[in-house]
Amino acid sequence: MNSILIKKGNIYPMTDEEMFVGDILIENGKISKIAKNLDDKADEVINAEGLNVLPGLIDAHSHLGLFDFNNDKGNDDANEMTKENTPTMDARYSVDIDVPEFKSAYEHGITTLLLTPGSGNVICGLPFVAKTYGDNIFDMTVKNPCALKIAFGGNPKNTYGRRSQLPMTRMGVAHVLREKLREAKKYMEAKDNGENPAYDCELEAMLPAMRKEVPLKMHCTQYDMLTAIEIAKEFDLPFSLEHAWGATDYLDEIVESGCSICYGPIATYRSPGERRKIDVEAVKMLDDRGVNVAVITDSPIVTIESLYHHLGEAVREGLDINRGLRMITINPAKILGVEDRLGSLEVGKDADIAIFDGLVGLDTDAKVIHTIIDGKVVYSK
């Protein structure tokens with residue numbers, strides 16, 4: 001694999017280290033050296049003088065290729081709405097990597113996505129982490145599964161309410177989830193005690209979450225956040241709150257719970273019900289109180305490149321840009337459990353790098369000059 005030397009860039013490591021002007025050497029798909037000046041030979045040299053060098057951007061909540069809005073009819077392969085709990089649904093089998101949004105992602109410096117089932121059921125399935133460039137979704141996969149997707153509120157309530165079946169209310173949603181978690185806990189304990197319970201594919205799919213190997217990824221807004229926190233606390237499970245509109249009403253509860261927040265999309269419209277309170281200021285308020293926050297697009301519900309705009313809106317509400325850049329790099333990497341490979345510029349990590357003219361989130365005309373994924377230049381302006 002070719003080596004690449006990036007010279008004289010404004011390097012934003014997304015570690016405890018501040019931005020500095022320096023060089024990065026890439027070898028065999030990994031970052032091999034970072035210093036203020038490197039004299040190493042390389043197959044390709046990129047002059048990044050005056051440009052901003054960031055880790056490849058990460059969107060911690062998307063449905064690219066599961067929803068396809070590129071034709072008149074649209075396509076929904078994200079929601080297996082045949083029963084209220086579908087924990088075995090593996091999102092990889094629904095992703096069409098030929099939708100144009102994947103190309104748009106890496107052309108805008110977004111190198112990694114969480115791809116998740118939709119929110120039509122209570123337990124929706126298994127999200128995974130993937131790179132945005134490649135020709136085979138299984139080869140592009142970084143971590144599978146990376147969470148167990150849960151949904152509260154209007155989505156599952158409306159799905160099953162129209163059928164006049166459980167769960168057609170918010171209390172029904174909570175009941176359905178709690179009962180399935182109890183089943184899974186009992187199943188796990190039986191296996192751990194050597195009791196050899198009858199194989200159950202749904203409960204097997206829930207074991208990584210029950211064993212705290214991956215978090216619950218809980219779609220919820222407004223007061224459903226309190227329900228999510230209460231149930232996660234009852235079963236002592238790690239979790240993130242997804243969308244989290246209205247979080248300013250529950251700051252103390254969120255902080256106390258120790259959860260992460262995937263906030264957004266900020267660009268959504270305000271409407272009665274679930275989207276009544278789009279409180280962009282929550283991003284800074286949560287970050288100030290030590291919550292690990294990522295901003296998300298929910299793409300293709302809104303465009304993947306709108307990740308820039310979401311960050312910019314949070315900055316407009318007072319968020320420091322350096323804190324904001326963490327919300328599209330290292331913070332989501334930690335939420336997804338891939339911080340050992342992605343999210344920061346450090347020796348040994350994947351060479352996923354976005355080189356910008358301007359600073360995304362701060363400069364409205366910021367543009368990607370080069371995107372590098374696994375040590376390969378996949379886009380140049």
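The following paragraphs lead through a predicted model of a protein chain, from its overall form to its salt bridges, its surface charge and two buried positions.

The protein chain comprises 11 helices and 20 strands. Its radius of gyration is 21 Å, close to the 21 Å that the globule rule gives for 381 residues, so the chain is as compact as a globular protein of that length. Measured out along the principal axes, the C-alpha trace spans about 65 × 45 × 45 Å. Of the 381 residues, 59% count as buried.

Charged side chains provide a useful route through the fold. The structure holds 26 salt bridges, and three of these pairs are described here in turn.

One of them joins the side chains of Asp-350 and Lys-131, with an N to O distance of 3.1 Å. Asp-350 is located in the loop between helix H11 (330-336) and strand S18 (353-357), whereas Lys-131 belongs to strand S11 (residues 128-131); the pair therefore ties together parts that are 219 residues apart in sequence. Both Asp-350 and Lys-131 are buried. These two residues also take part in a network of salt bridges, in which they are linked with Lys-30, Arg-341, Asp-352 and Asp-374.

A salt bridge within a single helix is formed by Lys-180 and Glu-183, whose side chains meet at 3.9 Å, N to O. Because Lys-180 and Glu-183 are three residues apart in helix H4 (residues 170-192), about one helical turn separates them. The partners nevertheless fall into separate accessibility classes. Lys-180 has a relative accessibility of 9% and so counts as buried, the limit for that class being under 20%. Glu-183, with a relative accessible area of 40%, is partly exposed.

The side chains of Asp-252 and Arg-289 form another salt bridge, at 2.8 Å from N to O. Here Asp-252 lies in helix H7 (residues 251-257) and Arg-289 in the loop between helix H8 (282-288) and strand S17 (293-295), so this pair ties together parts that are 37 residues apart in sequence. Asp-252 is partly exposed, its relative accessible area being 49%. Arg-289 likewise counts as partly exposed, at 39% relative accessibility.

Charge also gathers on the surface. Asp-76, Asp-77, Asp-96 and Asp-98 make up a patch of negative charge there. One member of this patch, Asp-96, is found in the loop between strand S8 (75-76) and helix H1 (100-107). With a relative accessibility of 34%, Asp-96 counts as partly exposed.

Two further positions lead back to the interior. Ala-294 lies in strand S17 and is buried, with a relative accessible area of 0%. The C-alpha atom of Ala-294 is 9.5 Å from that of Leu-325, a residue 31 positions away along the chain. Asp-279 occupies the loop between strand S16 (260-263) and H8. At a relative accessible area of 2%, Asp-279 is buried. Its C-alpha atom is 9.8 Å from that of Ala-314, while 35 residues separate the two in sequence.

Note on methods
Residues are numbered from 1 along each chain as its sequence is written. This is a predicted model: local features need pLDDT of at least 70, side-chain atom pairs count only at pLDDT 80 or more; totals for chains, interfaces and linings use all residues. Side-chain values use heavy atoms; hydrogens and water are left out. Patches are made of residues with over 30% relative accessible area and no salt bridge: like charges are joined within 9 Å, nonpolar side chains (Val, Leu, Ile, Met, Phe, Trp, Tyr) within 5 Å. Accessible areas come from the Shrake-Rupley method with a 1.4 Å probe; for residues, only the protein chains shown count as cover. A salt bridge is a side-chain nitrogen of Lys or Arg within 4 Å of a carboxyl oxygen of Asp or Glu. Lys and Arg count as positive and Asp and Glu as negative; His and the chain ends are not counted. The place of a charge is taken as NZ of Lys, CZ of Arg, CG of Asp or CD of Glu. Helices (H or I, at least four residues) and strands (E, at least two) are DSSP runs, numbered from the N terminus. Buried means under 20% relative accessible area, exposed over 50%, partly exposed in between (1.4 Å probe, protein chains only). The radius of gyration is taken over C-alpha atoms; the globule rule is 2.2 Å times the number of residues to the power 0.38.
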